[in-house]
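Let's take a walk through this protein together, one region at a time. Please open the structure in your viewer and keep the sequence at hand.

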Amino acid sequence: NYQVIFYLHSYVDLSKEIKEMFPDFAFVTWGKEINKYAIVYKMGGIFLDGVEPTRNFYKDLDPVKFNILETKTSDGFVLSTAMFAAEKCFKGCKVICKEIKEGNKDTDIIYKYWQKERDSFFVLPWNKKSVTYINS
């Protein structure tokens with residue numbers, strides 16, 4: 001009998017309320033030394049880094065794309081690596097891992113591929129109010 005496991009990854013322990021929002025998920029807490037893109041490449045799922053969900057947004061995501069959060073700033077809209085999601089073995093996560101090992105910053109890598117491979121991305125709009133930033 002085959003069962004799909006959905007993962008919600010984070011660098012901090014998630015609250016009981018957040019876990020209740022995602023009842024079908026397994027929750028994994030990682031140390032900061034772990035490359036979050038490598039984890040999502042190997043296991044798939046959603047990675048939260050400095051944000052907390054305000055609702056279960058899983059059904060809003062595209063299962064075959066690199067999902068990333070849009071953030072509204074005083075300068076306009078930007079892509080944020082505070083939340084991203086992808087299926088297991090998503091090629092884009094492997095490419096990001098390789099470039100991070102080469103010393104490139106993750107946000108720069110994301111923007112580079114956003115420009116080249118826009119059809120491979122799904123952006124979760126800021127106005128969906130799916131997450132809030134911690135300490136903001």
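What volume does the second largest pocket have? In this predicted model, the second largest pocket has a volume of about 250 Å³. Its lining is made up of 13 residues, and Lys91, Gly92, Tyr113, Glu117 and Ser120 are the ones that lie nearest its centre. Two elements, H3 and H4, each give two or more residues to that lining. By chemistry, the lining divides into eight nonpolar residues, two polar and three charged.

From the pocket, let's move to the interior. In soluble globular proteins, nonpolar side chains tend to be buried together. Here the largest nonpolar core has 20 residues, and Tyr37, Phe66, Ile68, Ile110 and Phe121 touch the most other members. Two or more core residues come from each of helix H2 (36-43), strand E5 (66-73), strand E6 (76-86), helix H3 (91-101), helix H4 (106-116) and strand E7 (121-124). H4 gives the largest share, with four residues. Phe66 is a good place to centre your view: leaving out residues up to four places away in sequence, Phe66 touches Tyr37, Phe84, Ala85, Ala86, Phe90, Cys93, Ile96, Ile110, Ser120, Phe121 and Phe122. Apart from this core lies another, of 16 residues, with Leu14, Leu48, Leu61 and Ala85 among them.

Helix H3 deserves its own look. Its buried residues are Cys93, Ile96, Cys97 and Glu99. An α-helix has 3.6 residues a turn, so residues three or four places apart point the same way. The buried residues of H3 pack against H2, E5, E6 and H4. After H3 comes Gly103, with a positive phi near 100°. On the other side of the helix in sequence, Cys89 sits in the loop between E6 and H3. Cys89 also has a positive phi, of about 65°, although it is not a glycine. With a relative accessible area of 45%, Cys89 is partly exposed.

Now switch on the aromatic rings. The structure holds 13 aromatic pairs. One of them joins Phe47 and Phe84, which are stacked with 6.1 Å from centre to centre and 5° between the planes. Why does this pair tie together parts that are 37 residues apart in sequence? Phe47 lies in strand E3 (residues 45-48) while Phe84 belongs to strand E6, so their pairing links those two parts. Both Phe47 and Phe84 are buried. Ring pairs also link Tyr11, Tyr37, Phe47, Phe66, Phe84, Phe90, Trp114 and Phe121 into a cluster.

Is Lys36, a charged residue, buried or exposed? Lys36, in helix H2, has a relative accessible area of 6% and is therefore buried, since buried means under 20%. Beyond residues up to four places away in sequence, Lys36 touches Tyr11, Phe47, Asp49, Thr81, Phe84 and Asp106. Its contacts thus include both partners of the stacked pair, Phe47 and Phe84.

Let's finish with some residues that are less enclosed. Met21 belongs to helix H1 (residues 16-21) and is partly exposed, at 24% relative accessible area. Setting aside neighbours within four places in sequence, Met21 is in contact with Pro53, Thr54, Arg55 and Asn56. Tyr113, which we met at the pocket, is 31 Å from Met21, C-alpha to C-alpha, and the two are 92 residues apart in sequence.

One of those contacts of Met21, Thr54, lies in the loop between strand E4 (51-53) and E5. Thr54 is partly exposed, with 39% relative accessibility. Where does the chain come back to Thr54? Thr132 is 78 residues away in sequence, yet the C-alpha atoms of Thr54 and Thr132 are 6.7 Å apart. Thr54 touches Met21, Lys129, Ser130, Val131 and Thr132, again not counting residues up to four places away in sequence.

Our last stop is Asp24, in the loop between H1 and strand E2 (25-29). Asp24 counts as exposed, at 63% relative accessibility. From Asp24 to Tyr58 the distance is 11 Å, C-alpha to C-alpha, across 34 residues of sequence.

How values were computed
Residues numbered from 1 in each chain as written. Predicted model: local features only at pLDDT ≥ 70, side-chain atom pairs only at ≥ 80, totals over all residues. Heavy atoms only, no water. Core = buried A, V, L, I, M, F, W, Y, C linked by side-chain atoms within 4.5 Å. Buried < 20%, exposed > 50% of the residue type's maximum accessible area, 1.4 Å probe, protein only. Contact = heavy atoms within 4.5 Å. Phe/Tyr/Trp six-rings, centres within 6.5 Å; stacked < 30°, edge-to-face > 60°. 1 Å grid on protein atoms, 1.4 Å probe; cavity = no way out; pocket = protein on both sides within 12 Å on 5 of 7 lines; lining within 4 Å. Points joined across faces, edges and corners; volume = space filled by probe spheres on them. Nonpolar A, V, L, I, M, F, W, Y, C, P; charged D, E, K, R; others polar.
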